[in-house]
Amino acid sequence: MIRHTSDKFRWHGVDVLPYKEDGGTHFKSISRQTLFQGSNDLPVEMRYFEMAKDGHSTLERHQHQHAVMIIRGSGQVFVGETITPINTHDVVHIPAFTWHQFRATNGEELGFLCVVSMDRDKPQRPTPENLTELNQIPKVGEFIRV
Ligand code: MN
């Protein structure tokens with residue numbers, strides 16, 4: 001068991017880490033905490049990601065899927081071809097090989113649990129050609145951050 005601390009959205013013994021180990025400028029104001037690392041017949045990880053106001057995750061796609069539950073604040077998510085408002089307790093599925101990006105656009109933080117397979121492929125970022133295609137989808141060009 002991992003107990004939650006007296007600080008909201010912080011857990012005992014769980015480091016608050018950078019969102020991605022390799023750094024970069026394709027995300028903003030986002031942290032990562034790994035809450036569960038499975039094995040054997042439950043080979044999944046559960047992570048808590050939190051972005052500060054105006055933060056965003058990387059625009060990416062990959063073969064592995066995400067099951068996400070918003071547990072703090074609100075914002076918007078781009079999945080596939082659609083931008084959707086998201087609020088605390090909403091559940092979001094990111095299907096395989098589907099462009100996605102979370103943004104804390106509502107003047108508050110956006111925090112979510114994200115379940116992924118332990119064995120997963122590396123995310124792809126958009127090529128210039130991908131961005132040309134994404135920019136042709138109504139509203140997506142203004143939403144995405146790269
Ligand atoms: Mn992803």
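## Starting with a polar contact

A polar contact here is a pair of N or O atoms within 3.5 Å, where, within protein, one must be able to donate a hydrogen and the other to accept it. Glu 45 and Gln 37 give an example, with their side chains joined by a polar contact of 3.2 Å. Keep in mind that what you're looking at is a predicted model.

Glu 45 sits in strand S3. Its relative accessibility is 9%, so Glu 45 counts as buried, because buried means under 20%. Setting aside neighbours within four places in sequence, Glu 45 is in contact with Thr 34, Phe 36, Gln 37, Cys 114, Val 115, Val 116, Met 118 and Arg 120.

## The manganese site

Now for the metal. Four residues coordinate the manganese ion: Glu 60 through OE, and His 62, His 66 and His 100 through NE2. The coordination distances run from 1.9 to 2.3 Å. Along the sequence, the donor residues follow the spacing E-x1-H-x3-H-x33-H.

Glu 60 is worth a closer look. You'll find Glu 60 in the loop between strand S3 (42–56) and strand S4 (66–79). Is Glu 60 buried or exposed? Its relative accessibility is 5%, so Glu 60 counts as buried, and His 62 is buried too. The side chains of these two donors also make a polar contact with each other, at 3.1 Å. Not counting residues up to four places away in sequence, Glu 60 touches Tyr 19, Lys 20, His 66, Thr 98, Trp 99, His 100, Pro 123 and Gln 124.

## Gln 63, in the loop between S3 and S4

Gln 63 is another residue in the loop between S3 and S4. With 48% relative accessibility, Gln 63 counts as partly exposed. That label follows because exposed means over 50%.

Beyond its neighbours within four places in sequence, Gln 63 is in contact with Ala 96, Phe 97 and Asp 121. How far apart in space are Gln 63 and Trp 99, C-alpha to C-alpha? They are 11 Å apart, with their positions 36 residues apart in sequence.

## The largest pocket

The largest pocket holds about 650 Å³ of space. It is lined by 27 residues, and those closest to its centre are Tyr 19, Lys 20, Arg 47, Arg 120 and Pro 123. Two or more lining residues come from each of these elements: strand S2 (28–39), S3, S4, strand S7 (100–103) and strand S8 (110–117).

What does the lining look like chemically, in nonpolar, polar and charged residues? It divides into eleven charged, nine polar and seven nonpolar residues. Some names recur from earlier: Tyr 19, Lys 20 and Pro 123, close to the pocket's centre, are among the residues that Glu 60 touches. Arg 120, also one of the residues closest to the centre, is in contact with Glu 45.

## Val 115 and Ala 52

Val 115 lies in strand S8 and, at 30% relative accessibility, counts as partly exposed. If you skip neighbours within four places in sequence, its contacts are Val 44, Glu 45, Met 46, Gln 65, His 66 and Ala 67. One of these, His 66, is a donor to the manganese ion.

Ala 52 belongs to strand S3. Ala 52 is partly exposed as well, with a relative accessible area of 37%. Its contacts, leaving out neighbours within four places in sequence, are Ser 29, Ala 104, Glu 108 and Glu 109. Between C-alpha atoms, Ala 52 and Val 115 are 21 Å apart in space and 63 residues apart in sequence. For Ala 52 and Ser 31, the C-alpha separation is 8.8 Å at 21 residues in sequence.

## Two positive phi angles

Some backbone background first: most residues other than glycine have a negative phi. Which residues go the other way here? Asn 40 has a positive phi of about 50° without being a glycine. Asp 54 does likewise, with phi near 75°.

The settings of these two are as follows. Asn 40 is found in the loop between S2 and S3, and with a relative accessible area of 71% Asn 40 is exposed. Asp 54 lies in strand S3, where Asp 54 is partly exposed at 42% relative accessible area.

Terms used. Residues numbered from 1 in each chain as written. Predicted model: local features only at pLDDT ≥ 70, side-chain atom pairs only at ≥ 80, totals over all residues. Heavy atoms only, no water. Donors = N, O, S within 2.8 Å, 3.2 Å for Na, K, Ca; no water. Buried < 20%, exposed > 50% of the residue type's maximum accessible area, 1.4 Å probe, protein only. Helix = DSSP H or I, 4+ residues; strand = E, 2+ residues; numbered from the N terminus. Contact = heavy atoms within 4.5 Å. 1 Å grid on protein atoms, 1.4 Å probe; cavity = no way out; pocket = protein on both sides within 12 Å on 5 of 7 lines; lining within 4 Å. Points joined across faces, edges and corners; volume = space filled by probe spheres on them. Nonpolar A, V, L, I, M, F, W, Y, C, P; charged D, E, K, R; others polar.
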